[in-house]
Amino acid sequence: MKIRFYRSSDREALQSYQLTDLKFTSHPKEAVADLANRYAILGLVEDQIVTFLILDAGEEKYTYGGQPDSLLLRSFSTDEDFQMRGYGSETLKLLPDFIREHLPMYKSIILGVNERNQVASYLYRETGFSKQPQRILGPAGWQEVYELKI
């Protein structure tokens, strides 16, 4: 598995990305519509897109306790055809080295997870993220805040 930046030539491939449960995330084809201060990242297995996420360098990171050298992780998902194979976990494990190589000015990743989304909370804890003391009221309810120092 590898991760890389999204390219405009990936737009068509995202159309076939299978994601129907949008309760806690957004579909990649919508997420790439606004990439101002954002980096879209794809997880690939044999050139097939299996995971997607946004690293947001904009102002919203401060809502989650971020610092100027933080990135807000958002819109993370695994294509439904590839779930339960460890690709989400592998993507998160590859992310620190990817950021050190391509975005070295950033030193931490922060994110909010809806407190009802226990599968995601477990995934972040298992991949090295630390739960922070604050909670944020998000659009779908209370969110736990996690951070990973890079």
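Below is a short question-and-answer session on this predicted model.

User: Before we start, which conventions apply here?
Analyst: Residues count from 1 along each chain as its sequence is written, and side-chain values use heavy atoms, with hydrogens and water left out. Since you're looking at a predicted model, local features need pLDDT of at least 70 and side-chain atom pairs count only at pLDDT 80 or more, while totals for chains, interfaces and linings use all residues.

User: In what order do the elements of the protein run from the N terminus on?
Analyst: There are four helices and seven strands to place. Helices here are DSSP runs of H or I with at least four residues, strands are runs of E with at least two, and both are numbered from the N terminus. Written out, the order is β-α-α-β-β-β-α-β-α-β-β.

User: What radius of gyration does the protein have, next to that of a compact globule?
Analyst: The rule for a globule is 2.2 Å times the number of residues to the power 0.38, with the radius taken over C-alpha atoms. For 150 residues that puts a compact globule near 15 Å, and the protein agrees with it. The C-alpha box along the principal axes is roughly 40 × 35 × 30 Å. The protein's own radius of gyration is 14 Å.

User: What share of the residues is buried?
Analyst: Buried means under 20% relative accessible area, exposed means over 50%, and partly exposed is in between (1.4 Å probe, protein chains only). The accessible surface of the whole protein is about 8000 Å², with 47% of that belonging to carbon and sulfur atoms; the method is Shrake-Rupley with a 1.4 Å probe, and for residues only the protein chains shown count as cover. Of the 150 residues, the buried share is 47%.

User: How many of the contacts, as a percentage, join residues at least 24 apart?
Analyst: A contact means heavy atoms within 4.5 Å. Take the contacts between residues at least 6 apart in sequence; the share joining residues at least 24 apart is 62%.

User: How far apart are the mean positions of the positive and negative charges?
Analyst: Lys and Arg count as positive, Asp and Glu as negative, and His and the chain ends are not counted. Each charge sits at NZ of Lys, CZ of Arg, CG of Asp or CD of Glu. With 18 positive and 21 negative charges, the two mean positions are separated by 3 Å.

User: Within what arc do the buried residues of α4 fall?
Analyst: Helix α4 spans residues 118-126, and Ala120, Ser121 and Tyr124 are buried in it. Looking down the axis, these residues line one face of the helix, because they fall within an arc of 100°. That arc uses the directions from the helix axis to the C-beta atoms.

User: And which exposed residues does the face of α4 turned away from its buried side carry?
Analyst: On the buried side, the cover includes β4 (70-78), α3 (87-102), β5 (108-114) and β7 (141-149). Just after the helix, Gly128 takes a positive phi of about 100°. The face turned away carries Val119 and Glu126.

User: Is Leu73 buried or exposed?
Analyst: Leu73 is in strand β4. Skipping neighbours within four places in sequence, Leu73 is in contact with Ile54, Leu55, Leu92, Leu95, Ile109, Ile110, Leu111 and Tyr124. Its C-alpha is 4.8 Å from that of Leu55, 18 residues away in sequence. At 4% relative accessibility, Leu73 counts as buried.

User: What phi does Asn37 have?
Analyst: Most residues other than glycine have a negative phi. Asn37, in the loop between α2 (28-31) and β2 (38-45), isn't a glycine and yet has a positive phi. With 55% relative accessibility, Asn37 is exposed. Its phi is about 60°.

User: What relative accessibility does Glu46 have?
Analyst: Glu46 is found in the loop between β2 and β3 (48-56). Glu46 has a positive phi of about 50° although it is not a glycine. It counts as exposed, at a relative accessibility of 77%.

User: Which residues is Asp69 in contact with, leaving aside its neighbours within four places in sequence?
Analyst: Asp69 lies in the loop between β3 and β4 and is partly exposed, at 31% relative accessible area. Its C-alpha is 8.9 Å from that of Ile109, 40 residues along the chain. The contacts are Met105, Tyr106, Lys107 and Ser108.
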